[in-house]
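This report looks at how helices pack against one another and at what lies in the nonpolar interior of the protein shown below.

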Amino acid sequence: MSTPTHGGRAKCLQRLVRLDLPVPRTVALSFDEVHRIAGGEMPDMPGLLSSFDPDALLCVRPSSEDPDWGGPSAILNIGMNDARYVALSDEIGHEAAAALYLRFVQAYAVHVARLDPDQFDEIEDIGQAGLSAALGAYEDEAEEPFPQDPAVQLREVLRSMARAWEGTTARLLRQAKGAPVDAGLGLVVQEMALGLGRGECGSGVLQLANSETGRPQLTGRYLSQSQGRDALRQRHKSLYLERDPRGPSLQDLAPEAFDKLIDFAGLMRRRLREEMQIEFTIRGGEVHILDGVRVERSARAGVRIAVRLAEDGIISQPEAVMRIEPRAISELLHRQVAPGASRVVIGRGIAASPGAATGKIVFSSAEAQASAARGEPCILVRRETSPEDIRGMHAAVAVLTERGGMTSHAAVIGRGLGLPCVVGAARMGFHLDRKTLIGERGRIFREGDTITIDGTSGEVLEGSVQMVEAALDDAFQTLMGWADKARDIGIRANADTPADAATARRFMAQGIGLCRTEHMFFEHDRITPMREMIFADTTEDRQAALAVLLPMQRADFTELFRIMEGLPVCIRLFDPPLHEFLPQDRAGLRDLAEALDLPISDVTRRVESLAEYNPMLGLRGVRLGITVPEIYDMQARAIFEATLDASREGAPVVPEIMLPLVSAKREVELLRTRIDAVAAEVRAERGRTFTYRLGVMAETPRACLRADEIAPHCQFLSFGTNDLTQMTYGLSRDDAGRFMSDYVQQGVFKEDPFHVLDIDGVGELVALGVQRARATNDAVTLSICGEHGGNPESIAFCREVGMTYVSCSPFRVPVARLAAAQLALRETGVERPPRL
C-alpha cells in the first residue's frame with residue numbers, strides 16, 4: 001500500500017481530473033510542504049498563483065489522510081479585494097459581490113488574523129453596509145487595512161492553516177480520534193467556480209444513496225442564485241425528481257446540467273468504487289465539480305452500501321467484508337440514540353454493553369420486576385449487581401452501576417442479555433438508601449424519574465431521547481454470509497438461558513462455548529432448595545435438596561440442547577462460592593429462617609460461618625465439586641438425562657462438560673471418575689448409550705503453566721480470560737473501573753486488560769498453555785471463553801496461537817464473525833481501502 005503524501009481530498013480530485021470531469025484548476029500541496037510552511041518556509045507564491053487565471057478567486061481546503069481526523073476550516077474567496085469587488089459588481093451585481101467580499105473578510109479575520117470573532121459575528125447586513133462595517137472592524141482590530149494583495153492573502157491563509165494543524169490542541173483532538181502523532185496535512189488550492197452570473201446559476205451537493213438507510217435515493221440540495229430557494233428535493237427510490245410543489249426543481253431549471261450531474265455521480269460510483277457525494281456549481285447552465293467526498297453513512301447504511309457495490313460488480317465480496325468496521329456491527333443489533341438527537345449528559349461511565357434504552361429509575365430487583373409487571377420500562381440502578389439481581393436485570397431495559405469494569409457481573413450479563421449497560425459511573429452519587437441518583441453536576445434524580453442509558457457511548461442522559469431501531473436486514477445477512485465463507489476460526493456464544501441460546505442461534509453462532517449453570521439457581525422456585533442444600537449437614541440431606549433441583553436442571557439442559565440441535569453445547573459446572581446464594585440483610589435472613597424452619601440465630605451463625613475473606617479465591621469451582629461432590633453429581637446426571645431426552649426427538653447430542661477453576665491434574669482425575677460413574681448409572685437406568693466430552697476451564701495461571709499435565713485427561717481446554725486476567729494482574733475486575741481510565745490515560749496500561757486481552761502478560765500464559773497442551777494431547781480442542789472472545793484484537797491473537805474457536809456473548813457473535821473474516825482476508829492480501 002502506497003504511503004499517503006497529499007491526503008484523501010487531493011487524491012480524489014486527482015482521480016476526478018483523470019475521469020475528465022469538469023474540475024476547476026487545482027494545485028495540491030503535500031504533507032511535507034505544509035509541514036515546511038508551518039515552520040515558516042513559504043512556497044514560491046508568484047509561481048503558485050501563476051497556475052491560475054489572474055482574476056480568479058481561490059479557495060484552500062484541508063486534505064488529511066482520513067477525513068475523520070478533522071482539520072482547519074476551508075477558506076473561500078481568496079483574492080477578493082476592492083478592485084475585484086468593483087469588477088464583480090458589474091458582472092453579478094453589487095449585493096452579490098458585497099456578500100462574497102464580506103464572507104471572505106469575516107473568515108480571514110477570525111481564522112487567519114485571529115481577531116475577536118464577536119466583532120464580525122454581530123454584522124447582520126450582508127450587503128454593502130455590512131461589507132463596510134467588516135472592513136472598518138478589521139482595520140480597528142488589526143491596526144492595519146485589510147490586505148489587498150492576493151499573494152499576501154494566500155500566503156497568510158496557508159501559514160495559518162498549516163500552523164493550526166500542528167498546534168497542540170488540534171494534535172490532541174485528532175489523536176483522540178485514532179490519528180498517529182505524526183499525521184500529515186495536505187492543502188488543496190483550487191480556482192473557485194462561482195455559481196453566480198447570467199443564466200441559470202447556483203451551487204449544491206448531490207448523492208445517489210440515502211445516508212441513513214444506504215438504499216438508492218437521489219439526495220441533495222441546490223441553491224439557485226436566481227431563484228433564491230432550495231430547488232433540488234429528495235424522492236425515495238428514484239434517481240429522478242418530481243416537480244417541487246413550492247417551485248421548480250433543478251431538473252426543470254437546467255435539465256441538461258441535471259442529467260450531467262446524474263451521469264457524473266454514476267461514473268464516480270463505478271470508477272472510484274464508492275458512493276460519493278458531489279459538490280458542484282452551475283454557471284450559465286454549465287456544471288463544475290468542486291469536490292467529491294465519500295457519502296457520510298450510518299452503520300446500517302454502510303453495510304447496505306458495501307453489499308450493493310458488491311452485488312453490482314463494482315467491488316468483490318471480500319472487499320465488501322473488509323469495508324465494515326466490526327465494532328460498527330454492534331450498532332445494528334441494538335436500539336441506538338438517533339444521530340443528532342438532543343443529549344443532556346448527567347453522568348459517564350464505562351460503555352459495558354452497547355445499545356440505548358429509556359426508562360424510569362428503580363433501585364432494586366424487586367422494584368424492577370414490579371415495574372415490568374405494570375408494563376413500565378425501567379432502568380435498574382445499583383452500586384454493583386450480583387447473581388441475585390438476575391431477575392431484576394431481565395425485567396429492566398438497561399442497567400447503571402456505580403462500580404465495575406468490562407468484565408464485572410453487570411457488564412457480562414448485560415452483554416449476554418443484549419441489555420444496554422453503563423458501569424463504573426463513580427462520579428455520580430448513588431444513594432440507594434434514600435433512593436436518589438445525583439448527576440455529575442449535582443442534579444438530583446429520584447425513583448420514578450426518567451433517564452436514558454447509552455451503553456454504546458457510556459453516557460447517562462436526562463429524560464427520554466430519540467432512538468433508531470435495530471436493523472438486521474437482508475444486507476446484514478448477506479454480508480455476514482460472505483464473512484463466514486472467509487473466516488477460519490469457529491465462533492461460539494456464551495449462553496446461560498434458552499433465550500440466550502435462541503439469540504446465539506439467530507446470530508449464527510456455531511454452538512455454545514460457555515453455559516454458566518449457577519444463574520439457573522437464582523430463579524424464585526430454586527433458590528430455597530439451593531439454600532436447603534447449603535444448610536444440609538449430611539450427604540443424604542444434600543442429595544434430598546438437590547433432588548428437587550434435578551428435574552429443573554434437566555429441563556433447562558433439554559431446552560438448550562433442542563434449541564442448539566446439531567451444534568455443540570459446553571456446560572460449565574457450578575462455579576461461584578456458596579455465600580452468593582445466601583441473604584445478607586435482616587429481612588432476607590428472617591425469610592430464610594422461616595423457609596427452613598430454623599431459629600434466625602442459627603441461620604445467622606451459619607451464614608456468617610460461610611463468609612470468606614476473599615471468596616473469589618476461596619471455596620468455588622472444582623474445589624466445591626471435590627468437597628461437596630453432590631452438586632456436580634446432580635448436574636452431571638441432569639446433563640446426561642437431558643442428552644437422552646433431547647436426542648430422542650432430534651440429532652444425537654454430545655454434551656461438553658467443563659470443570660471451572662482447575663489448577664492441578666488431580667482435580668480433573670477425581671471429578672472425571674465421579675462423572676464417569678454418573679454416566680454409567682444413567683446408561684444403565686435408561687438402557688441407552690451416549691457419549692460426552694470432558695474439558696477444563698483454564699482460568700488460573702497454574703492451569704496454563706501445567707497444561708501439559710492436564711491436557712491428557714480431557715478432550716478440550718478453554719481459557720477463561722476474565723478470571724485469568726484478574727489473577728495474573730492481582731486486580732479485581734469489579735473494582736478496576738474506579739481507576740482504569742486514569743491508568744490508560746497515563747500510559748500504565750495501553751488498554752483496559754479486561755476489555756482487550758493483554759498479549760504481553762496474560763497472552764503469554766495463554767500461549768504457553770496452548771503450546772504445552774498440544775505437546776501432550778495434539779487432539780485437544782483449544783478455545784477462549786472469556787469476554788475477550790468478542791474483541792477483534794484478541795481474536796487475532798487466538799488465531800495466531802492456533803485456537804479452534806472463540807466464544808463470546810451472543811450479541812458480540814456477529815462482531816466476532818466479521819473480525820475473524822477480516823483477519824483471514826488480510827492474510828490473503830485483501831485490505832480495507834483508504835477513506836476518500
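At roughly what angle do the axes of helix α12 (residues 299-311) and helix α18 (residues 474-486) cross? In this predicted model, the two axes come within 9 Å and cross at roughly 65°, which makes α12 roughly perpendicular to α18. The crossing in which α12 passes α18 is left-handed. On the α12 side the contact is formed by V303, R304, V307, A310 and E311, and these meet D474, A475, F476, T478, L479 and W482 of α18. Sorted by class, this contact holds seven nonpolar, one polar and three charged residues.

A second helix pair can be described in the same terms, since two packed helices are described by the angle between their axes and the distance between the axes. The axes of helix α19 (residues 498-506) and helix α21 (residues 539-563) come within 9 Å and cross at roughly 10°, and α19 and α21 are therefore roughly parallel to each other. Here P498, A501, A502 and R505 of α19 make the contact with E559, L560 and I563 of α21, and by class the contact has five nonpolar, no polar and two charged residues.

The two pairs are set out below.

| Helix pair | Axes come within | Crossing angle |
|---|---|---|
| α12 and α18 | 9 Å | roughly 65° |
| α19 and α21 | 9 Å | roughly 10° |

Turning to the interior, the largest nonpolar core has 126 residues, of which F557, F561, F574, F640, L659, I675 and F719 touch the most other members. Helix α25 (residues 630-649) supplies the largest share of this core, with 10 residues. When residues up to four places away in sequence are not counted, F561 touches V569, I571, I639, A642, T643, A646, V653 and P655. A second core, separate from the largest one, consists of 50 residues and includes F52, V105, A183 and L196.

Is helix α17 (residues 409-417) mostly covered or mostly uncovered? Helix α17 is mostly covered, with eight of its nine residues buried, namely H409, A410, A411, V412, I413, G414, R415 and G416. The buried set of α17 thus includes the charged residue R415 alongside residues such as V412 and I413. Just after α17, G418 adopts a positive phi of about 70°.

How values were computed. Residues are numbered from 1 along each chain as its sequence is written. This is a predicted model: local features need pLDDT of at least 70, side-chain atom pairs count only at pLDDT 80 or more; totals for chains, interfaces and linings use all residues. Side-chain values use heavy atoms; hydrogens and water are left out. A nonpolar core is a set of buried Ala, Val, Leu, Ile, Met, Phe, Trp, Tyr and Cys residues joined through side-chain atoms within 4.5 Å. Buried means under 20% relative accessible area, exposed over 50%, partly exposed in between (1.4 Å probe, protein chains only). Helices (H or I, at least four residues) and strands (E, at least two) are DSSP runs, numbered from the N terminus. Contact means heavy atoms within 4.5 Å. Axes are lines fitted to C-alpha atoms, for helices over the stretch in contact, and angles run from 0 to 180 degrees between N-to-C directions. Angles under 35 degrees count as roughly parallel, over 145 as roughly antiparallel, 65 to 115 as roughly perpendicular and the rest as oblique. A crossing is left-handed if the near helix is turned anticlockwise from the far one by less than a right angle, and right-handed if clockwise.
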